[in-house]
Amino acid sequence: MGIGLVHAKQKLQQTLSARIGDASATTPNVPKGHIAVYVGEGNKKRFTIPISFLNNPLFRDLLDRAEEEFGFNHPMGGLTIPCSEVYFIRITAILNTSNR
């Protein structure tokens, strides 16, 4: 497992570890191998993304920004990424293309 993926998984685990066992942290309808994230600058929209994105430098940059803005206490009860939906969709489109 690459160092980047280990680092990203550690961040995600730290983010969500305080919520284990909390019913509000359960994320229904998330396929195996995916995570749910909340994206937006005002109203947050929920997206489901492959865990493989966590190993990509573009996505790690988004995680770093989320850490800077929210620390490990995400207000939505899940991983919140502070960027516009348009930017997030562009990044995930790039990542989807590179994963093929």
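Residues count as buried when their relative accessible area is under 20%, and by that cut-off Phe53, at 1% relative accessibility, counts as buried. The views below all show a predicted model.

**Figure 1. Overview of the fold, with its three helices and three strands.** Read from the start of the sequence to its end, the elements follow the pattern α-β-β-α-β-α. The protein has 100 residues, of which buried residues make up 35%. Among the contacts between residues at least 6 apart in sequence, 57% join residues that are at least 24 apart. The protein exposes about 6100 Å², and carbon and sulfur atoms supply 53% of that area.

**Figure 2. Close-up of the aromatic cluster into which ring pairs link Phe47, Phe53, Phe59 and Phe88.** A pair of aromatic rings is described by the distance of the centres and the angle of the planes. The search of the whole structure finds three aromatic pairs, and one of them is formed by Phe47 and Phe88, whose ring centres are 5.0 Å apart and whose planes stand at 50°, so the pair is tilted. This pair links distant parts of the chain, since Phe47 belongs to strand β2 (residues 45–50) and Phe88 to helix α3 (residues 85–98), with the two positions 41 residues apart in the numbering. Both Phe47 and Phe88 are buried. The rings of Phe53 and Phe59 have their centres 6.3 Å apart and their planes at 55°, so this pair is tilted as well. Phe59 has a relative accessibility of 0% and therefore counts as buried.

**Figure 3. Close-up of the largest nonpolar core, a set of 16 residues.** In soluble globular proteins, nonpolar side chains tend to be buried together. Within this core, the residues that touch the most other members are Val37, Val39, Ile49, Phe59, Leu62, Ile81 and Phe88. At least two core residues come from each of β1 (34–39), β2, α2 (57–70), β3 (79–81) and α3. Phe59, when residues up to four places away in sequence are not counted, touches Ile49, Phe53, Leu54, Ile81, Phe88 and Leu95.

**Figure 4. Close-up of the hairpin of β1 and β2, with Gly40 in the loop between the strands.** The two strands run antiparallel and are joined by six bridges, and Val39 has Lys45 in β2 as its bridge partner. Five residues lie between the strands of this hairpin, where Gly40 takes a positive phi near 145°. With a relative accessibility of 4%, Gly40 counts as buried. Leaving aside neighbours within four places in sequence, Gly40 is in contact with Ile81, Pro82 and Cys83. Thr80 is 40 residues from Gly40 in sequence, while the C-alpha atoms of Gly40 and Thr80 are 8.2 Å apart in space.

**Figure 5. Close-up of Asn56, which is found in the loop between β2 and α2.** A polar atom of the Asn56 side chain lies 2.7 Å from the backbone nitrogen of Leu58. Once neighbours within four places in sequence are left aside, the residues in contact with Asn56 are Leu95 and Ser98.

Terms used
Residues numbered from 1 in each chain as written. Predicted model: local features only at pLDDT ≥ 70, side-chain atom pairs only at ≥ 80, totals over all residues. Heavy atoms only, no water. Phe/Tyr/Trp six-rings, centres within 6.5 Å; stacked < 30°, edge-to-face > 60°. Helix = DSSP H or I, 4+ residues; strand = E, 2+ residues; numbered from the N terminus. Buried < 20%, exposed > 50% of the residue type's maximum accessible area, 1.4 Å probe, protein only. Contact = heavy atoms within 4.5 Å. Areas by Shrake-Rupley, 256 points an atom, 1.4 Å probe, with all protein chains shown as cover. Core = buried A, V, L, I, M, F, W, Y, C linked by side-chain atoms within 4.5 Å. Polar contact = N/O pair within 3.5 Å; in protein donor to acceptor, adjacent residues only side chain to side chain. Pairing = 2+ DSSP bridges.
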